[in-house]
Amino acid sequence: MNTAETATTGSRSSRLTHVVVAMIGLAAMVAGMFTLNSTSADAAMVSHMYRDVNPGPSNSGASDFIPFGGDLYFTASAGGKGQELWKLSEGQPSLVRDINPGAAHSSPSSLTAFKGHLYFVAYEETHGREIWRTDGAVTERATDINPGQESSHPNDLTVIGGRMVFAAENPASGRELWSFDGNTATLAKDIRPGVQSSNPSGFTSLGSNLYFRANDGVVGEELWRTDGTGASLVANINPGAANSYPQEMVDFNGQLYFAADTAAAGWELWRTNGITTGIVADIDPGADDAYPQNLVAMNGHLYFSANNGATGNELFRTDGANPVANTELVADINPGSWGSDPNYMTQLGSYLYFRAGTEASGNELWRTNGTEVVMLGDIYPGEEDSNPSQLTKFGDAVYFAAEDEGHGFELWKTSGGAPKLVRDILPGDGSGDPYDFTSFGQSLYFSADDGTHGWEIWRITEDSKVHAKLQNRKLKLNRAGQTTLRLRCQVAEISGPCTGNLVLRTNGGLVAARGKFTVNAGETGAITVKLSKRARKALRKASGAPRLKAVVKARDLAGNKRTLTRGLRISGPGVR
């Protein structure tokens, strides 16, 4: 007998994909109830393009994802509109509001949930760049700090207690600290009185206060704090009018740790409990700079990168003990004075995953539990860099973007072992450049470019079954002995195409016909079978209404399998 031949269409429609299947075997067919049996590939996590917000090859540039009110909000440009606020509701994208009408952009930013609304900063010609809000139904401007067409340029929207704190500017006070209670925006403090700006930034929560840096024009750029109603100087770390530029702020063991600069010690690691502020360690002794950065807390230690003057920029940690903390080098990953520059630090279980570089292997993926430090794999073999970035914990794995010898920057993951390429989103040596990973529901969403649809919404989600459905309940046999079954590979099939085998059996279990099929997701395959003369003769002699039994075994690219069984009534001139 001939093997099956398949042909598929490329569009997602209900058009039939024809599968011509050779005749084989006997037939006197049996009635049977529809049944199915599914097996999964250990509930595989798969990646796929989820929504093409701006259909076709043009980008929507979907990004800035944030879950709110059961939906996923994001910014995008589509349908002739500029960059505006969108949302995914029940999986369908929709424009929340065209704030700056037409093709112009409102460029929403600083998306922040507060008191039942999603607040953000956006631009429109009448009031400039100000704070807006939406509850998902009504979208409106919430403030006009700089009245008229001029902008107040709010940013760093941060919630503390019952207030939202941010930096904004107007002609009277410059760029200063503002607070919003859900109804009214007020100047929390004019830190640098008059029209000059204190430029508050770096808001970080500790207890009931937000800590930040600002310049009052007297003590320089130093550490301040606010509860949303006022503000006070925490410490003049670099005495006099000099700046300490506090940054890299993080809450660890109830204290604020940060990097700051002084004339005596250079850039080093500091901490404060709001009352007492002091240096944690002079990692590079004297006035030289250690430049601590990438601060991440894990398992009772605060990990960070720093330069002690001998090893270059390497991985350090401190236990935060009082009154004297134990601060130590975890590993000299790149021996010598050049440093490995650890960054993109992300915790999974009891390990810290990060990127680091050596002369032999380039920038690759590493991990540590505080005792051992190991490279998980040389993704781009040799001294070339794979440059892992966007490290994001999701489920039992860390997902990230990286480059190897045969691919551009694509989607990778590790669960503690050797890194694996999840998907070559833009096939070949081009880059899909996945970024902005955001967990929502049971999936991880991100933006990427497959070279066909532009920058659109992708996701990583569990795929535990084949979404295939046999559509027939009865068959007609023509005079030539042919009949057609229709198999739907549903739109929900994210690891398509649906492929597999079809078997028709007699009442006695004898094989009457076999065939193979390949059907793309969102399409229906028409499987045409020609029965033998013996099969048709058996159908004519059958007592009662002639029946066939169809058994379909379908699978997908994730390794999921499904068996569909259905009893089918058969009629037509071929059985008369």
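**Exercise 1.** Does Glu328 count as buried, partly exposed or exposed, and at what relative accessibility?

*Solution.* The model is predicted: local features need pLDDT of at least 70, side-chain atom pairs count only at pLDDT 80 or more, and totals for chains, interfaces and linings use all residues. Residues are numbered from 1 along each chain as its sequence is written, and side-chain values use heavy atoms, with hydrogens and water left out.

Step 1. Buried means under 20% relative accessible area, exposed over 50%, and partly exposed in between (1.4 Å probe, protein chains only).

Step 2. Glu328 has a relative accessibility of 29% and therefore counts as partly exposed.

Step 3. Arg317, by contrast, is buried at 14% relative accessible area.

**Exercise 2.** Identify the salt bridge between Glu328 and Arg317 and state which strands hold the two residues.

*Solution.* Step 1. A salt bridge is a side-chain nitrogen of Lys or Arg within 4 Å of a carboxyl oxygen of Asp or Glu.

Step 2. The side chains of Glu328 and Arg317 satisfy this rule, at 2.8 Å from N to O. Glu328 belongs to strand 28 (residues 327-331) and Arg317 to strand 27 (residues 313-318), so the pair ties together parts that are 11 residues apart in sequence. Strands (E, at least two residues) and helices (H or I, at least four) are DSSP runs, numbered from the N terminus.

Step 3. By the rule, the count comes to six salt bridges. Among them is the pair Asp71 and Lys87, at 3.9 Å from N to O. This pair links distant parts of the chain, with Asp71 in strand 6 (residues 71-76) and Lys87 in strand 7 (residues 84-89), 16 residues apart. Both Asp71 and Lys87 are buried.

Step 4. Glu221 forms another such bridge, with Arg213, the closest N and O atoms being 3.5 Å apart. Glu221 is buried, with a relative accessible area of 18%.

**Exercise 3.** Describe the overall form of the chain.

*Solution.* Step 1. The chain has one helix and 47 strands. Its radius of gyration is 31 Å, well over the 25 Å that the globule rule gives for 576 residues, so the chain is more spread out than a compact globule. The radius is taken over C-alpha atoms, and the rule is 2.2 Å times the number of residues to the power 0.38.

Step 2. The C-alpha trace spans about 105 × 60 × 35 Å along its principal axes.

Step 3. Of the 576 residues, 51% count as buried.

**Exercise 4.** Locate the cis peptide bonds at Pro323 and Pro497, and characterise the loop that holds Ser495.

*Solution.* Step 1. Most residues other than glycine have a negative phi, and most peptide bonds are trans.

Step 2. The bond from Asn322 to Pro323 is cis, with omega near 0°. Pro323 lies in the loop between strand 27 and strand 28.

Step 3. The bond from Gly496 to Pro497 is also cis, with omega near 10°. Pro497 is placed in the loop between strand 42 and strand 43.

Step 4. Ser495 is in the loop between strand 42 (482-489) and strand 43 (498-505). Ser495 counts as buried at 6% relative accessibility. The C-alpha atoms of Ser495 and Val46 are separated by 7.4 Å, although the residues are 449 apart along the chain.

**Exercise 5.** Which of the residues Ser110 and Tyr291 lies in a strand, and which in a loop?

*Solution.* Step 1. Ser110 lies in strand 9 (residues 109-114), and its phi is near 55°, a positive value in a residue other than glycine.

Step 2. Tyr291 is in the loop between strand 24 (277-281) and strand 25 (293-298), with a positive phi of about 50°.
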